[in-house]
Protein chains: 2
Amino acid sequence: MSDLPRQIEIHEEGPREGFQFEKKAYPLADRVRLVEMLAETGLPQIQVASFVSKTKVPQMADSEDWFAAIRRKPGVLYTGLWLNESGFARAQAATGVDMKANLYFYTSDQFSQHNNGRNATEMLEGQRRWISMYRDAGLPIHSAYLMTAFGCNLEGEITPEKTLSWVHRIMAMCREEGVTLPCLYLADTVGWAVPGRLTRLVGMVREAYPELRIGLHLHDTRGSGLANVYAAMTMGIDLFDASVAGLGGCPFAGHSSASAGNVCTEDIVFMAEEMGIRTGIDLDALIEAAGEAERIIGHPLAGRIMHAGSLNKFRRASAGAAPSARTA
Amino acid sequence: MSDLPRQIEIHEEGPREGFQFEKKAYPLADRVRLVEMLAETGLPQIQVASFVSKTKVPQMADSEDWFAAIRRKPGVLYTGLWLNESGFARAQAATGVDMKANLYFYTSDQFSQHNNGRNATEMLEGQRRWISMYRDAGLPIHSAYLMTAFGCNLEGEITPEKTLSWVHRIMAMCREEGVTLPCLYLADTVGWAVPGRLTRLVGMVREAYPELRIGLHLHDTRGSGLANVYAAMTMGIDLFDASVAGLGGCPFAGHSSASAGNVCTEDIVFMAEEMGIRTGIDLDALIEAAGEAERIIGHPLAGRIMHAGSLNKFRRASAGAAPSARTA
């Protein structure tokens, strides 16, 4: 327990995950309002939208307008996602995108092939060009994401040893390109992680690269999401991607179940703060934003505390009621 | 990590929790079928129904019929719940109820008053009569439940020190009555627990009573349910109440949010088995029962893996596909 961090950093992924996951397009004003509400909660970083194929992902066709319409709050980073050079160029040209130079890698040939038309080794080699692209743009490399780090729906089990071998390849490639990677995200892309496997992998990566900051990008596909977050925190991990209200999936009947959302931001904030781990986030304001997300999306979302409420009202009520109860 | 149990025991609470929570009555045949499906999964114990006021809880008016209609599977315990002497007499008189002598205690005067019309001390004293009642019936005391062990919506924070003081009072009372209590459940009745507080309390109780088996009755009100289960397992806790599909609450809009269900049985089974901790339960059969529970109840339930599916199909598919993929 002594390795618990004193504070954690949570990056919000809900807006992009959520509106991209749904089949319909939502009014720009609603999407802008949600991002602005999130920015008021104390979240340090919000991933707003992606710059991807407008024909394949029409929900994200107006990402430029979305970014441009946001009333920016100083100190908050508003980030975007791109998966190829032309997406990067669009993000660069857009107004209001805080450019963070991330790299993407896969442990699974089949998953990489399915998502990118290239196997995992080809993806890795392709990231050399991204490093040049970022260098030309004057952007220092921020993070690398290693997808399917815990398992893959196409290849099945991904052992910690296999994932670690990919970490070695990523680190070697970065070194060859003259890049010191500050941060590596282990991504549980399709929800295979449980605490045992997670702590084992984190331990192996940390032992091999003690200077590397490890972040986690977890999906709560099978219910172990917050257990994974807690297990990671016991190892001192202090960096998590998360989605307000669990946006980015609908684990209930009638939706494709394979894509459950990220772990739920406000559920993490509750757990962390109750354990004395600071998040810098106003839980009640975040719960309000989660409710707004659910109203906009128009169907129940998977977040828990957003439906139950925080403990603040009970603590306030009991603090007020206690003296009279004692004298009664 | 070395304190992880090699196996855990999960008691199913879903049928009683679920059908009691809903406002409508469900056909007896549906309720019987669900219990029979659950019994086929390997669950060692299923709480079927309660023997409570037929006017206050009309959904449980036919508990006798429900028990009597179940085709019993050898080796499975089918238990009931009673909250007063007349409920106990009904359960005794019914057919097919496996009688387990449990005692109930509260840390919170206000919660106890609200639920029972008596404060926590009066409840504790009243349990002396239950001990005689069980003795007269030839039933050894099985467990004590300590409700609101982590917090209370009426009194707010319940400190571990306060909860431990109630454990002392319970143990002293049992000793006075000549009872050696085999097992104490710490119940997070209204969803206040997080891993830090839980491990602290478990540690304190265990230090004071090393011979006492500790079980956990957790509600997943605010998303930390499985994190709490994992945290407890790291301390060797191996006894959990749980509800299939998360029955016993509906954390989504339109339902009273205060009563979220127990932690979800199949989500625990998944997490435990993936960590090499045996449960004796067939996960895929349990997921099927969870789906049946959702169909019967008629609205989305909170379980996660029931909507995503287990990893078995992906493991089988990849095991089958791998050779041809390798030669391709």
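These legends walk through close-up views of the contact between chain A and chain B in a predicted model.

Local features here need pLDDT of at least 70 and side-chain atom pairs count only at pLDDT 80 or more, while totals for chains, interfaces and linings use all residues. Residues are numbered from 1 along each chain as its sequence is written, and chains are lettered from A in the order in which they are written.

**View 1. The side of chain B that touches chain A.** The contact takes 47 residues from chain A and 48 residues from chain B (two residues are in contact if their C-beta atoms, placed from the backbone, lie within 7 Å). On the chain B side, α13(B) gives the most, with 5 residues (helices are DSSP runs of H or I, at least four residues, numbered from the N terminus).

**View 2. The axis relating the two copies.** A turn of 180 degrees and a shift of 0.0 Å along the axis lay chain B on chain A with an RMSD of 0.0 Å (superposed by least squares on the C-alpha atoms of residues with pLDDT of at least 70 in both). The copies are thus related as by a two-fold rotation axis. Look for B:Ala227: in chain B, its C-alpha is the nearest to the axis, at 1.8 Å.

**View 3. Helix α9(A) against α9(B).** These helices pack at an angle of about 50 degrees, with their axes 6 Å apart (axes are lines fitted to C-alpha atoms over the stretch in contact, and angles run from 0 to 180 degrees between N-to-C directions). Here A:Leu226, A:Ala227, A:Tyr230 and A:Ala231 meet B:Leu226, B:Ala227, B:Tyr230 and B:Ala231.

Methods: Helix = DSSP H or I, 4+ residues; strand = E, 2+ residues; numbered from the N terminus.
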